[in-house]
Amino acid sequence: MLAPSSARALLRRPPFTTGLGGQTPIVGASNRWLTTLGHRRQQSTATADTTANANDQDVASIHDNVEHQQWARQVLRDAVAAAAPRYTWSKEETAAIYHQPLMELAFQAAQVHRRFHNPSEVQLCTLMNIKTGGCSEDCSYCAQSTRYQKGTGLQAKRVETVETVLEAARIAKANGSTRFCMGAAWRDMRGRNNSLRNVKEMVSGVRAMGMEVCVTLGMIDAEQAKELREAGLTAYNHNLDTSREFYPSIISTRTYDERLATLGHVRDAGINVCSGGILGLGETDKDRIGLLHTAATLPSHPESFPVNALVPIKGTPLGDRKPIDFTSMLRTIAAARIIMPATIIRIAAGRKTMTEEQQAMCFMAGANAVFTGEKMLTTECNGWDDDAVLFERWGLQPMKSFAKSAAPAS
């Protein structure tokens, strides 16, 4: 029904002119007006229905989100309560842990850390580059690739002598390091029989000092792994670097499966696996979750999991990247501690840029190893004297070789 004022206005209007010069009665105009009014009411009803449906969807979304949050919290509770490592993590479970509120994640990781480790112990590792540069790989972050030599200015060197390496190990031990790591810029060990023989002599010599010994030589096969084990090798480092999906964006000369195959040879030979990743390559949280998931679902967890922050080196494809934010480092360390509770988690490259307080936060959240000494492979490293002050100030002590202390009784 029309309002009185609307009806009076309508009756005062002149007749509508048709296209043939005739006139359309007022009632025709009224009918069209009523048709328009009905159409508008239909639109209004449809809009109301759409709004109601949207509201229903919002309620369902909120309900699903609440259910997901409850499920994620349960995943975290179960992980924190576990009495032994688990190897059947799904990517969804890994993501649920990784995406917990950071303070809660760090706190829960600290609880796990104290159940599986002595929280005051931190392993001191020293890394030596025993063969610099000349590598045929195209790892986008690495200055040792021959592809980037013109831009980086890094000159390739021959393999260090056995005695030079052993003297460096003695210095490291005298300064408190309990693990000595040796890196060589090779793609693999094929056709390097003389070099392998020298490396095995280095391994035996370091082991005779009572130190743990680790090497990273690129890809190795089952027989080479066996030879290194017989020489006394404690651990072999071969990082996954990042997720399987993001990996081809960083490296094209070695596949992800080739990396996993090397880890398999190392594990089958009875050598401890040291394998972690690099943050700040341009990856996303999803890629960090992928890295964690791959490591946590290996047949056995890595004995040590290095977490590196990219140190951009001018002349490499990633030389201009901005440093990764600290919260991503902390989140990755805390998540790794929860899903790989017995693993040693090492703060590796990039620690030089962290404040003492940031390092302490990482130790609280589960990190229990660092690289210390004069240098990493091609980047700066925190020195022994600086770390001695750090340990004294924060109540930390070096982990002994081959003798990780049991967690204190609760």
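Biologist: How many helices and strands are there in the protein?

Modeller: The model, which is predicted, has 13 helices and twelve strands.

Biologist: And what percentage of the residues count as buried?

Modeller: The protein has 410 residues, and 49% of them count as buried. Its accessible surface amounts to about 20,000 Å². Carbon and sulfur atoms account for 53% of that surface.

Biologist: What share of the contacts with a separation of 6 or more comes from residues 24 or more positions apart?

Modeller: That share is 75%.

Biologist: Let us turn to empty space. How many cavities of 30 Å³ or more does a search of the whole structure find?

Modeller: The search finds two. The largest cavity has a volume of about 870 Å³. Its lining comprises 42 residues, and those closest to its centre are Tyr-141, Cys-142, Asn-237, Asn-239 and Leu-377.

Biologist: Which elements give two or more residues to that lining?

Modeller: They are β3, β4 (179–184), β5 (212–216) and β9 (304–309). The largest share comes from β4, which supplies four residues.

Biologist: How do the residues of the lining of the largest cavity divide by class?

Modeller: There are 26 nonpolar residues, twelve polar ones and four charged ones.

Biologist: What is the volume of the second largest cavity, and which residues line it?

Modeller: The second largest cavity holds about 40 Å³ of space. Its lining is made up of Ala-348, Ala-349, Gly-350, Arg-351, Lys-352, Phe-371, Met-376, Glu-380, Cys-381 and Asn-382. By class, five of these are nonpolar, two polar and three charged.

Biologist: Back to Asn-237, one of the residues closest to the centre of the largest cavity. Where is Asn-237 found?

Modeller: Asn-237 belongs to strand β6, which covers residues 235–237.

Biologist: Is Asn-237 buried or exposed, and why?

Modeller: Asn-237 counts as buried because its relative accessibility is 14%, and the cut-off for buried is under 20%.

Biologist: Which polar partners does the side chain of Asn-237 have?

Modeller: The side chain of Asn-239 makes a polar contact of 3.1 Å with the side chain of Asn-237. Asn-239 is also among the residues closest to the centre of the largest cavity. In addition, a polar atom of the Asn-237 side chain lies 3.3 Å from the backbone oxygen of Cys-274.

Biologist: Which residues does Asn-237 touch, not counting those up to four places away in sequence?

Modeller: Asn-237 touches Cys-214, Val-215, Thr-216, Cys-274 and Pro-306.

Biologist: Cys-274 and Pro-306 interest me. What about Arg-346: which residues is it in contact with beyond four places in sequence?

Modeller: Cys-274 and Pro-306 both appear in that list. The others are Gln-123, Cys-125, Arg-179, Ser-304, Phe-305, Val-307, Ala-369, Val-370 and Phe-371. Phe-371 also belongs to the lining of the second largest cavity.

Biologist: Where does Arg-346 sit, and is it buried or exposed?

Modeller: Arg-346 is in strand β10, residues 344–347. It is buried, because its relative accessible area is 1%.

Biologist: How far apart are Arg-346 and Ser-304, in sequence and in space?

Modeller: They are 42 residues apart in sequence, and their C-alpha atoms are 6.9 Å apart.

Biologist: Change of topic. What is the phi of Asp-241?

Modeller: It is near 75°, a positive value in a residue other than glycine. Most residues other than glycine have a negative phi. Asp-241 lies in the loop between β6 and α9 (256–268), and it counts as buried because its relative accessibility is 2%.

Biologist: And His-117: where is it, and which side chain does its own side chain contact?

Modeller: His-117 is in the loop between α4 (102–116) and β3. Its side chain makes a polar contact of 3.3 Å with the side chain of Asn-368. With a relative accessibility of 1%, His-117 counts as buried.

Biologist: Lastly, the largest pocket. How much space lies in it, and which residues are closest to its centre?

Modeller: About 380 Å³ of space lies in the largest pocket. It is lined by 17 residues, of which Leu-127, Met-128, Asn-129, Glu-374 and Lys-375 are the closest to its centre.

Biologist: Which element gives the most to the lining of the largest pocket?

Modeller: β3 gives the most, with four residues. β3 (121–131) and α6 (162–174) each supply at least two. By class, the lining has nine nonpolar, four polar and four charged residues.

Definitions and conventions
Residues are numbered from 1 along each chain as its sequence is written. This is a predicted model: local features need pLDDT of at least 70, side-chain atom pairs count only at pLDDT 80 or more; totals for chains, interfaces and linings use all residues. Side-chain values use heavy atoms; hydrogens and water are left out. Buried means under 20% relative accessible area, exposed over 50%, partly exposed in between (1.4 Å probe, protein chains only). A polar contact is a pair of N or O atoms within 3.5 Å; within protein, one must be able to donate a hydrogen and the other to accept it, and residues adjacent in sequence count only if both atoms are side-chain atoms. Contact means heavy atoms within 4.5 Å. Accessible areas come from the Shrake-Rupley method with a 1.4 Å probe; for residues, only the protein chains shown count as cover. On a 1 Å grid over the protein atoms alone, a cavity is a set of points where a 1.4 Å probe fits but cannot get out, and a pocket is an open set with protein on both sides within 12 Å along at least five of seven lines; lining residues have an atom within 4 Å of a point. Grid points are joined across faces, edges and corners, and a volume is the space filled by probe spheres set on the points. Ala, Val, Leu, Ile, Met, Phe, Trp, Tyr, Cys and Pro count as nonpolar, Asp, Glu, Lys and Arg as charged, and the others, Gly among them, as polar.
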